[in-house]
Amino acid sequence: MLTPDRHFLVAETDGGGLAGFIVGEIRAFEFGQPAAGWVFAIQIDPRRRLKGVGTALFEALAERFRAAGVRRVRTLVDRRDHLILSFFRAQGMVAGPSLQLDKELP
């Protein structure tokens, strides 16, 4: 089934191997917030990190969001995951207007 608001982008090595991927979707369900592009997952081969692969994937996904009329990109990250926090901050992302609330169920 073709879903134009969902994106799975892959970066290949020169030899056709997997260098990395990013997964995102456009959605609007957060308590009246306008539609936003969401990054669900990004993974880069550790040997290819700091070589622009992640940035290229992020920019390609952001361009697809822009082409669909979306003006904001969001994601959720674990505040203890300094690697991914650093990556998203390097892409210009900052804390957004929403606050995640959480409760552990017994």
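**Briefing: fold and helix α2**

From the N terminus on, the elements of the protein follow the order β-β-β-α-β-α, which amounts to two helices and four strands. The model is a predicted one, and its C-alpha trace spans about 45 × 35 × 30 Å along the principal axes.

**Overall surface, contacts and charge**

- The protein has 106 residues, of which 32% count as buried, while its accessible surface comes to about 8,100 Å², with 55% of that area belonging to carbon and sulfur atoms.
- When contacts between residues at least 6 apart in sequence are considered, 46% of them join residues that are at least 24 apart.
- The protein carries 15 positive and 12 negative charges, and the mean positions of these two groups lie 3 Å apart.

**Helix α2 and its two faces**

- Helix α2 covers residues 82-90, and within it Ile84, Leu85, Phe87 and Phe88 are buried.
- These four residues lie on the same side of α2, because they cover an arc of only 160° around the axis.
- The buried residues of α2 pack against two other elements, namely strand β3, formed by residues 36-44, and helix α1, formed by residues 53-67.
- On the face of α2 that is turned away from this buried side, the exposed residues are His82, Leu83, Arg89 and Ala90.

**After the helix**

- Just after α2, glycine 92 adopts a positive phi of about 95°.

Technical notes:
Residues numbered from 1 in each chain as written. Predicted model: local features only at pLDDT ≥ 70, side-chain atom pairs only at ≥ 80, totals over all residues. Heavy atoms only, no water. Buried < 20%, exposed > 50% of the residue type's maximum accessible area, 1.4 Å probe, protein only. Contact = heavy atoms within 4.5 Å. Areas by Shrake-Rupley, 256 points an atom, 1.4 Å probe, with all protein chains shown as cover. Lys, Arg positive; Asp, Glu negative; His and termini not counted. Charge placed at Lys NZ, Arg CZ, Asp CG, Glu CD. Arc of directions from axis to C-beta.
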